[in-house]
Amino acid sequence: MVDVNAAQPFPFTFDPATTALVVIDMQRDFIEPGGFGETLGNDVSLLQAIVPTTAALLALCRAKEIMVIHTRECHRPDLSDLFAAKRDRGQPSLRIGDPGPMGRILVAGEDGAEIIPELSPMSGELVIDKPGKGAFYATPLTDQLRQNGITNLIFAGVTTEVCVQTTMREANDRGYNCLLIEDATESYFPAFKAATLEMVRAQGAIVGWTALFEQLEAAWND
Ligand code: C5J
């Protein structure tokens with residue numbers, strides 16, 4: 001067992017044999033300059049800052065040989081899995097499916113939908129394409145976790161308050177113990193990230209735990 005004693009709001013204990021890492025939506029369109037995120041007016045350098053820590057987290061989990069899962073928010077090329085309510089929300093200059101700087105926005109197979117090269121999935125790692133913000137909705141994730149006997153999830157990725165938090169809440173409701181790595185997740189809005197970390201661990205870890213990468217690493221190597 002690994003005891004992350006520095007986790008908040010109290011120690012997080014997990015058995016690596018029943019634990020998976022879930023890296024949420026580290027895709028070119030959200031993170032790279034010139035992608036969809038930047039066309040929406042966001043400062044993508046905020047998200048780029050977590051790439052080295054996320055790479056170190058991936059390396060640690062690979063070295064410890066736990067299950068690694070990557071997700072991508074994207075839709076089928078015919079957009080049959082895209083609700084009008086998602087496509088038409090707001091007044092963005094580009095909508096999902098439109099041609100963008102890195103191919104069609106959030107469409108599977110397009111350059112922008114790919115995971116950034118620094119965090120590329122390795123052979124044997126599960127890649128889940130998800131049409132929603134949460135990774136459990138309309139995906140095979142539940143079955144995959146069950147088949148692999150997973151009961152604990154370590155989370156990283158973007159954005160903290162949208163796809164990461166939604167997936168953590170879905171996981172929490174399905175009975176998983178969830179640990180969010182604070183310096184391996186980020187938002188375009190620092191206040192939203194800070195609020196999400198607080199929300200997750202409030203009321204006795206109502207959604208889950210948080211810890212810094214070095215706290216997880218130190219506990220695991222202890
Ligand atoms: C994610 C989004 N991945 N913010 N998507 O958080 O729309």
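Visitor: Which classes of residue form the shell around the ligand?
Guide: The shell has 4 nonpolar, 1 polar and 3 charged residues. Ala, Val, Leu, Ile, Met, Phe, Trp, Tyr, Cys and Pro count as nonpolar, Asp, Glu, Lys and Arg as charged, and the others, Gly among them, as polar. This is a predicted model, in which local features need pLDDT of at least 70 and side-chain atom pairs pLDDT 80 or more, while totals for chains, interfaces and linings use all residues. Residues are numbered from 1 along each chain as its sequence is written, and side-chain values use heavy atoms, leaving out hydrogens and water.

Visitor: Which residues are around the ligand?
Guide: They are Asp25, Phe30, Glu73, Lys133, Val158, Thr159, Val162 and Cys163. Each counts because one of its heavy atoms lies within 4 Å of the ligand.

Visitor: What makes the approach of glutamate 73 to the ligand a polar contact?
Guide: A polar contact is a pair of N or O atoms within 3.5 Å. An N or O atom in the side chain of glutamate 73 is 2.9 Å from a nitrogen atom of the ligand, so the pair qualifies. A backbone N or O atom of threonine 159 also qualifies, at 2.9 Å from an oxygen atom of the ligand.

Visitor: Why is the peptide bond from valine 158 to threonine 159 remarked upon?
Guide: Most peptide bonds are trans. This one is cis, with omega near -15 degrees. The bond from glutamine 8 to proline 9 is cis as well, with omega near 5 degrees.

Visitor: What is notable about phi of leucine 106?
Guide: Phi is near 50 degrees, a positive value in a residue other than glycine. Most residues other than glycine have a negative phi.

Visitor: How many aromatic pairs does the structure hold?
Guide: The structure holds 6 aromatic pairs. One of them joins phenylalanine 10 and tryptophan 209, at 5.4 Å centre to centre and 80 degrees between the planes.

Visitor: Why is this pair of phenylalanine 10 and tryptophan 209 called edge-to-face?
Guide: Rings of Phe, Tyr and Trp (its six-membered ring) pair if their centres lie within 6.5 Å; planes under 30 degrees apart count as stacked, over 60 as edge-to-face and the rest as tilted. The centres meet the distance limit and 80 degrees is over 60, so the pair is edge-to-face.

Methods: Polar contact = N/O pair within 3.5 Å; in protein donor to acceptor, adjacent residues only side chain to side chain.
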